[in-house]
Structures are given as C-alpha cells and as structure tokens.
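Colleague: I would like to learn how to read a few features of a structure with you, beginning with a pocket and going on to a strand and some charged pairs. Could you take me through them one at a time?

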Amino acid sequence: MRIRFIICLAAFTAVALVFPLTSLLTFAEEPGAQVNEIERMKAKYGVDHSIADLTPTVCALAQVRTPKTATANQIDSVVKSARDALEKRPVQKLFIYCGDCFGDVLMQNYPDDFKGFLKEANERVLCTNVMTTVTPVCFATIFCGAGPEVHGIKVYEKPVVKVETLFDVLLEAGKKIAIVSQKGNSVITIFRERDIDYYDFPTDKEAYEKSLELLEKSDYDVIVVHDCEYDTIMHKYGVVGQEADDARHAVIDRWLNVVDATDTYWNDYDRLVVFCTDHGSHMPPGAKGGSHGSDIREDAVVNHFYRWRAKGQVAAH
C-alpha cells in the first residue's frame with residue numbers, strides 16, 4: 001500500500017509540474033486560435049476604446065439593433081450624454097466623415113489645428129485600431145463593430161465585406177444611405193452589394209463637395225464620405241512639410257464645413273455628426289514619404305469625434 005501511494009504521489013507531482021506549461025499552450029497559445037485584435041490593441045496601448053465601438057454606439061443612438069457579429073462595446077459616455085441631450089429620442093440623421101490617416105499623433109503635434117474639432121465636438125474618444133493598421137482592415141472594423149478575425153480583411157485588400165455591418169442594420173430600419181468617395185477608396189469598395197447609393201469621383205475634393213450637395217438637396221438619412229486627401233499626400237511627401245500641412249488643413253476645414261451644413265439643412269432633425277478615422281502614420285527612417293501599417297502608437301492610436309444636436313438646436317460658432 002505504501003509503495004502504491006508513493007508511486008501515485010510521484011505521478012501526481014509530475015503532472016502538476018507539467019500541466020501549467022501545457023495548459024498555457026493549450027488555452028493561450030494554441031496554434032490556430034483566434035486572437036481578439038480589438039482587446040489586444042486596447043491592452044497594449046492602455047486605451048479604453050476601439051474604433052470598432054463606433055458601430056454599437058451609433059446603433060444605440062439610432063435605436064436600432066447591433067450587427068449580429070459585432071463584438072465591440074458602445075461608448076457609454078457618448079450614449080448617455082447624447083440621449084440626455086436628445087431627450088431619449090433616436091438620432092434621425094447621421095453624417096459620418098471618414099478622414100483617412102488622422103492619427104492622435106497629429107493632434108499631439110499640431111494642437112492648434114484641432115481647436116475647431118474640440119469646440120464643435122461634444123466628445124473626443126481616444127481609440128486604438130487593429131492590425132494591420134491599413135485602411136480596408138480598419139474601416140471594416142469600424143463599420144462591422146468587430147475585428148479582422150470576424151470580418152475577414154487582415155491585409156491591404158478590398159473584398160466586399162460579407163458579415164453584417166452598421167449599414168445593414170440601418171437599411172433594415174428603413175434608412176436611406178449614401179456613400180461618397182474618390183473612386184476606388186476602401187469604404188466605397190468594401191461595402192458594395194447593398195441597397196446604398198454610391199457616388200464616386202476622381203478627387204477627394206469633388207466627393208466632399210457632393211456630400212454638401214446631398215445634405216442640401218437630398219433626403220438621405222445617412223451620409224458617409226471618405227476623404228483620403230491627407231493620406232495620399234502623406235505617402236507622397238511625408239508627414240511634415242507644406243504639402244502635408246495643406247492637406248491636413250483641407251480635411252479639417254471640410255469637416256467643419258460639414259458641421260455647419262448639418263446645422264443649416266438638418267436643423268429640423270435630431271442629428272449626429274461623427275469624424276472617424278482609421279489609422280495614423282509615421283515617417284520611416286530615411287524615407288521620402290510617410291507610412292503606416294505597423295503596430296506602433298503613431299499608427300495605432302486615433303481620435304473619434306462625436307457631435308450631436310437636438311432638432312432646432314444650433315450652437316453659436
């Protein structure tokens with residue numbers, strides 16, 4: 001009996017010593033296991049919110065269901081403050097300005113440029129994005145409310161997103177949607193094959209101008225414009241210099257003009273205007289042009305700006 005006990009004890013000890021290592025491999029690093037990119041990035045950069053939070057937040061304010069495959073969380077501070085301001089009524093009109101490549105690094109380096117953003121927005125939300133920090137991956141994450149492991153875009157490619165998106169649930173709720181962009185840009189490409197009106201143009205400036213025209217002369221409930229002006233110039237000339245300054249200022253001025261236009265043409269509606277971006281950028285050593293796609297703070301941390309107004313409410317500028 002004593003010999004049997006000693007043998008069992010030895011066997012138990014051996015298992016106990018080995019099991020923690022094998023359990024880590026099994027449950028934390030199992031080959032092929034899905035990594036939640038949203039949570040990984042939030043933890044790495046110590047940021048509470050993700051770009052994916054936009055979809056559940058907008059759904060909460062429009063009072064529609066979230067996409068079935070969404071995994072992100074609504075931004076409680078935005079939802080509470082906006083609901084209070086709108087007296088619990090749903091957002092009727094929504095304008096989302098997708099200003100490409102506006103990382104938090106720009107706000108840190110050029111704070112004066114963002115005074116208008118901070119004045120107009122009710123809330124600025126610091127967010128992380130996901131790897132790979134490139135446009136189609138990030139905007140798929142934004143409008144699906146879920147990471148690459150769900151929507152399937154993991155590198156710079158532009159397939160049509162097949163999982164449910166913010167656009168699908170808004171369409172289900174009877175919303176009329178327009179997406180406006182330079183031809184071939186990510187947002188107008190990866191969210192095709194839906195009952196959406198798509199307007200594409202040779203330049204970002206023309207797309208922006210069309211969005212103002214739609215605000216004034218159409219009855220869309222949701223307008224999304226994707227402006228890649230800064231991203232294009234940054235890649236060609238770098239993140240500093242006159243060309244980058246001009247492009248950054250152009251995008252900022254356009255968004256502020258959109259804000260004014262929504263106050264003019266949507267003043268009879270409870271409305272939400274969001275400036276959302278996908279990624280930041282950095283200057284690789286020795287390079288002429290800027291870049292992004294890396295898992296570094298310059299590329300991975302961005303700001304989203306939320307602005308809501310009750311019908312009949314126009315704030316003084």
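Colleague: How many nonpolar, polar and charged residues does the lining of the largest pocket have?

Modeller: The lining of the largest pocket is made up, by class, of eight polar, three charged and two nonpolar residues, and please keep in mind throughout that this is a predicted model. The pocket holds about 160 Å³ of space, and of the 13 residues that line it, T135, Y156, N185, C228 and D231 lie nearest its centre.

Colleague: Which helix gives the largest share of that lining?

Modeller: Helix α12, residues 229-237, contributes three residues, which is the largest share.

Colleague: Let us turn to strands. Why is strand β6 described as largely enclosed by the rest of the structure?

Modeller: The general idea to begin with is that side chains in a regular strand alternate between the two faces of the sheet. In strand β6, which spans residues 222-227, six of the six residues are buried, so the strand is largely enclosed by the rest of the structure. Both faces are covered, since V222, V224 and H226 are buried on one side, and I223, V225 and D227 are buried on the other.

Colleague: Which strand pairs with β6 over six bridges, and which over five?

Modeller: Strand β2 (residues 93-99) pairs with β6 in the parallel sense over six bridges, while strand β4 (residues 177-182) pairs with β6, also in the parallel sense, over five. A useful place to look is V224 in β6, which is the bridge partner of I96 and which also has I179 standing opposite.

Colleague: Now the charged pairs. How many salt bridges does a search of the whole structure find?

Modeller: The search finds 27 salt bridges, and a sensible way to read any one of them is to take the distance, then the place of the partners in the chain, and then their exposure. In the pair of K42 and E39, the closest N and O atoms are 3.3 Å apart, and both residues lie in helix α2 (residues 37-45), three residues apart, or about one turn of the helix. K42 is buried, because its relative accessible area is 12%, under the 20% cut-off, whereas E39 counts as partly exposed at 38%.

Colleague: What are the distance and the exposure of the partners in the salt bridge of R89 with E87?

Modeller: The closest N and O atoms of R89 and E87 are 3.0 Å apart; R89, at 24% relative accessibility, counts as partly exposed, and E87, at 57%, counts as exposed.

Colleague: Which parts of the chain does the pair of D113 and R248 link?

Modeller: The side chains of D113 and R248 meet in a salt bridge at 2.7 Å, N to O. This pair links distant parts of the chain, with D113 in the loop between α5 (104-109) and α6 (115-120) and R248 in helix α13 (residues 242-265), 135 residues apart. R248 is buried, having a relative accessible area of 2%. Elsewhere, salt bridges that share partners join E37, R40, K44 and D295 into one network.

Colleague: What does the side chain of T262 reach?

Modeller: T262 has its place in helix α13 and is buried, with a relative accessible area of 0%. The side chain of T262 reaches the backbone oxygen of V259 at 2.7 Å.

How values were computed:
Residues are numbered from 1 along each chain as its sequence is written. This is a predicted model: local features need pLDDT of at least 70, side-chain atom pairs count only at pLDDT 80 or more; totals for chains, interfaces and linings use all residues. Side-chain values use heavy atoms; hydrogens and water are left out. A salt bridge is a side-chain nitrogen of Lys or Arg within 4 Å of a carboxyl oxygen of Asp or Glu. Helices (H or I, at least four residues) and strands (E, at least two) are DSSP runs, numbered from the N terminus. Buried means under 20% relative accessible area, exposed over 50%, partly exposed in between (1.4 Å probe, protein chains only). On a 1 Å grid over the protein atoms alone, a cavity is a set of points where a 1.4 Å probe fits but cannot get out, and a pocket is an open set with protein on both sides within 12 Å along at least five of seven lines; lining residues have an atom within 4 Å of a point. Grid points are joined across faces, edges and corners, and a volume is the space filled by probe spheres set on the points. Ala, Val, Leu, Ile, Met, Phe, Trp, Tyr, Cys and Pro count as nonpolar, Asp, Glu, Lys and Arg as charged, and the others, Gly among them, as polar. Two strands pair if DSSP finds at least two bridges between them. A polar contact is a pair of N or O atoms within 3.5 Å; within protein, one must be able to donate a hydrogen and the other to accept it, and residues adjacent in sequence count only if both atoms are side-chain atoms.
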